[in-house]
Amino acid sequence: ISKEELMVVVSWKFSVGKKRPALMKHLNSNTDKSVKECSKNAIAHARSIEASGNWNDDDMKRCINPLTELSGVGPATASAVLSMIRPDVFPYMYDECIDT
């Protein structure tokens, strides 16, 4: 995905969950190239997971970790991106659920 597409996901995420305006500075510091590289790796891993449900924590980490290398992107934002690619594997992790 492009930096612009990441920002659309983040805008949606902020509209349905916790607003974190301080993250915008960090998110905006990412280059389009870095967003594309990290998301390409994450999406490739996500697409390689079998739909059988036989995935494990390491599979999830291989998908989420490339996105969390981006400044301002944590597991909840990474899951929002990946839920659009593989909703059968990645539910969106609302911050409120993670915080409890």
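**Group meeting: a first look at an all-helix chain and its helix H3**

Okay, let's start from the outside: the chain exposes about 5,900 Å², and carbon and sulfur atoms supply 55% of that surface. Keep in mind that this is a predicted model.

Now, what is it built from? There are six helices and zero strands, so reading from the N terminus you just get α-α-α-α-α-α. The radius of gyration comes out at 13 Å, close to the 13 Å that the globule rule gives for 100 residues, so the chain is as compact as a globular protein of that length. If you lay the C-alpha trace along its principal axes, you get about 40 × 35 × 20 Å.

What about the inside? Of the 100 residues, 39% count as buried. And if you take the contacts between residues at least 6 apart in sequence, 64% of them join residues at least 24 apart.

Let's zoom in on helix H3, residues 32–48. That's 17 residues, reaching 24 Å from first C-alpha to last, close to the 24 Å expected at 1.5 Å a residue.

So which residues of H3 are buried? They're Val35, Cys38, Ser39, Ala42, Ile43 and Ala46. Look down the helix axis and these buried residues fall within an arc of 130°, so they line one face of H3. Flip to the other side of H3, and you find Lys33, Lys40, Arg47 and Ser48 exposed.

And what covers the buried residues of H3? The cover includes helix H1 (3–16), helix H4 (57–68) and helix H5 (75–85).

Conventions:
Residues are numbered from 1 along each chain as its sequence is written. This is a predicted model: local features need pLDDT of at least 70, side-chain atom pairs count only at pLDDT 80 or more; totals for chains, interfaces and linings use all residues. Side-chain values use heavy atoms; hydrogens and water are left out. Helices (H or I, at least four residues) and strands (E, at least two) are DSSP runs, numbered from the N terminus. The expected span of a helix is 1.5 Å times one less than its number of residues. Buried means under 20% relative accessible area, exposed over 50%, partly exposed in between (1.4 Å probe, protein chains only). The arc is that of the directions from the helix axis to the C-beta atoms. Contact means heavy atoms within 4.5 Å. The radius of gyration is taken over C-alpha atoms; the globule rule is 2.2 Å times the number of residues to the power 0.38. Accessible areas come from the Shrake-Rupley method with a 1.4 Å probe; for residues, only the protein chains shown count as cover.
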